[in-house]
Amino acid sequence: MIMMAITAVLLLVGLGATPALAATTPTPTPAAACAANATTGCLQGTIKLPSGDPAVGIKLEIKGGDLDTVATTGSDGKWSQAITVAGPYTINLDTSSIPDGAVLDSAAKNPATVNGALNKNVGFVFKIVGGTTADDGTTTQTPTTDAGTGVSFERFLQQLVSGIRLGLLLALAAVGLSLIFGTTGLSNFAHGEQVTLGGLLAYLFANVLGLNLILAAVISVVICAATGYFQDAAIWKPLRRRGLGTTQLMIVTIGLSIALQYAFQYFLGASTVRIDMANPVTVQLGPVALSQQSLVSMGIAIVVIALVGFVLVKTRIGRATRAVSDNPSLAAASGIDVDRIIRLVWTSATALAGLSGVLLGLVLNGVNWQTGLQLLLLMFAAITLGGLGTAFGALAGAMIIGLVVELTNLVLPGDFKYATALVILILVLLVRPQGIFGRRERIG
Amino acid sequence: MDQFLTTLVAILNSAISPQTAALAIAAIGLNIHFGYTGLLNFGQAGFMLIGAYAFAISIIGGLPIILAFLIALVAAVIFALILGIPTLKLRGDYLAIVTLSAAEIVRMVGRSSLLTNITGGSNGITGNEYRGPFTDLSFFGDGRVDFGPWNYDATGSNGWWFIATAWFVVALLCLFVWAIMRSPWGRVLRGIREDEDAVRALGKNVYSYKMQALILGGVIGAIAGIVYILPASLQADSMGRSMTYFIFTALLLGGAATVFGPVLGAIVFFALRLLVQGLAGQFVPGTIMNGQQTEQFAWIVIGITLMLVVIFRPQGILGNKKELSFDVK
């Protein structure tokens, strides 16, 4: 209840702070949220103006089943319509309700047909882009600025820096995943959720509870570390004792991943939340523009990765970790407490993943329940590329994957950027299955 | 009480729905991979998507339904070859990561805005664009038909024609799996699952057998994709990673390496979800858990169920513990 009150207050403050929006548009009440259950389904969507602000008061005629009604987007740009009959519905966006200076994207189907189903939320997206409608009804669409795939040196530099940024943040999470794999043989499919957890906790502390950002980040990382510690104590160590095979354990992590994803949605909903409400301040470095958050995040990531590297190479505990990674039984025979090392690996891996989540949330200016899910395959690609189970391989792999993902943008549309990383993964397995730093005998 | 009846009706409806049958078929295919051969295929949803796209696009392109169906199967064979050639010689978890990635690639390409003209991009393809030829095959006539507690159209996209064909395919595939797993070929597959080296020592080409299993299960996955989209619409995101996870959950719930395990698992999967959601909706006050949250709560229960099943009863409801060796080499 308290959290809801705080969010409500924040919302009100947010609305009050944007008088321009309130002045130019009539203020319809937000569309009543529709909840799907066994007898009701929902059609819904969010419409945004080209500026990214919610489009208020857009009218949508919805016909089908026993309905013939008009839904209107609320002050959050959202519309929803409850249905009681499953089947096709046509949604016709009333183009005259779009504010001046914007038109419906020419690629959009209007009217559109969607299949409504009971007990389901069916979303449909109408995209509004910049442009004008002439009196005769023809529309002129303003080309979006980043639509091109043209390669210029400036764009190359910008994407290169973005690639390094993604690589560093990916490496934070991937090193932990790789160490867990190395020490226990477990492919942890719930590692992405540890990243999400970090971001969402930072949102909770910094935004909802209003703590100082740095304090919030530190608390989030500490809590994430604790989840790793207790996870190993409560789940993984007992299961290792029971002698569960690695495949079985892997499927357990998939169950955990499903449970965690929906738990995030349960508490915070499916929308993207922002950790830092202030608008990002951009820093111009020659041709490259970066937000302040990005610069600081990259700095923190470099320091932390260097620290992890130092610990692994120079300290006793780091050498023990690498020994367990190489060969657990040999390490145990030479007097290393394998269980203690694994507990430590779990704790630091989840802490690193949490940190990665906090920084990603700041850099991408938002975090939602599937932030980590989207990164999981990139992490796997990174550690496979570097050599499964090797920490430095994970670092190298993450940098390569980060660069590939961002540089792909230069030549291919944005939808493909993650796909190319995965294509590389498959190609690597064809040519050098053990990865860059892996050894032949790991192939099996 | 009303709420309870509604839940019961929803469960009964979902128990026989073509979507449940599609999940069962996908699980039957995965069972050949995972249950019988020990291959960790985490891209079953990718096979479904490949089959669904190939089928829908062929029909929209004007090909007859039989040809569209065959094209879908051939597409699945090609996809299996692409996945299998680099990975089947490697350790099991490489196949897991590659299949998962490949399925994601299929989904991303399918929903890409570049291909909107062919695949419909992220909006997908609506059912009535490809459903016609299948509906035309119906000999069930028109009107509504009562059968037990169910009342559906005879032929409509939610109707008996779709339900009957879907479950007929399930029955056919169960019979097929039962038959081939008793054959010498099936014994080799199970041998590979138990001890690959022993099978190799007997002079069998393990790589080739694994590839055959991957192709066969993948083709069955493609059939599942077609069954899944026929009564609904084709949307890339509806067959993403979660779908693969749900297929695994259904298979492990029912019992891997059994003939009826995948079918029972698929029904239990949907029933459990609706039951939890219905009960939560009825007994937990709306102030604690709203309608949206009951749905998410049901998914949380599914995730935990998967964990508990794998830990405490890895052979599932129908399985035989001795028969199933979980450890993939």
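Rings of Phe, Tyr and Trp (for Trp the six-membered ring) pair if their centres lie within 6.5 Å, and planes under 30 degrees apart count as stacked, over 60 as edge-to-face and the rest as tilted. This is a predicted model, in which local features need pLDDT of at least 70 and side-chain atom pairs count only at pLDDT 80 or more, while totals for chains, interfaces and linings use all residues. Residues are numbered from 1 along each chain as its sequence is written, chains are lettered from A and ligands numbered from 1 in the order in which they are written, and side-chain values use heavy atoms, with hydrogens and water left out.

**Exercise 1.** Classify the ring pairs Trp236(A) with Trp346(A) and Tyr152(B) with Trp160(B), and state which residues form an aromatic cluster.

*Solution.* The search over all chains of the structure yields 22 aromatic pairs. In one of them, the ring centres of Trp236(A) and Trp346(A) are 5.6 Å apart with the planes at 5°, so this pair is stacked. The pair links distant parts of the chain, since Trp236(A) belongs to helix α5 (residues 213-242) of chain A and Trp346(A) to helix α10 (residues 338-363) of chain A, 110 residues apart; helices here are DSSP runs (H or I, at least four residues), numbered from the N terminus. Trp236(A) has a relative accessible area of 1% and is therefore buried, where buried means under 20%, exposed over 50%, and partly exposed in between (1.4 Å probe, protein chains only). Trp346(A), with a relative accessible area of 1%, is buried. For Tyr152(B) and Trp160(B), centres 5.4 Å apart and planes at 80° make the pair edge-to-face. Tyr152(B) is buried at 15%, and Trp160(B) is buried at 12%. Finally, one aromatic cluster is formed by Tyr262(A), Trp369(A), Phe246(B), Phe269(B), Phe270(B) and Trp299(B).

**Exercise 2.** Determine which helix supplies the largest share of the nonpolar patch of chain B, and decide whether Leu12(B) counts as buried, partly exposed or exposed.

*Solution.* The surface patch consists of Phe4(B), Leu5(B), Leu8(B), Leu12(B), Leu275(B), Leu279(B) and Phe283(B), which together have about 590 Å² of accessible area. At least two of its residues come from each of α1 (2-16) and α13 (261-283) of chain B, and α1(B) gives the largest share, 4 residues. Leu12(B) lies in helix α1 of chain B and counts as partly exposed because its relative accessibility is 30%.

Technical notes:
Patches are made of residues with over 30% relative accessible area and no salt bridge: like charges are joined within 9 Å, nonpolar side chains (Val, Leu, Ile, Met, Phe, Trp, Tyr) within 5 Å. Accessible areas come from the Shrake-Rupley method with a 1.4 Å probe; for residues, only the protein chains shown count as cover. A salt bridge is a side-chain nitrogen of Lys or Arg within 4 Å of a carboxyl oxygen of Asp or Glu.
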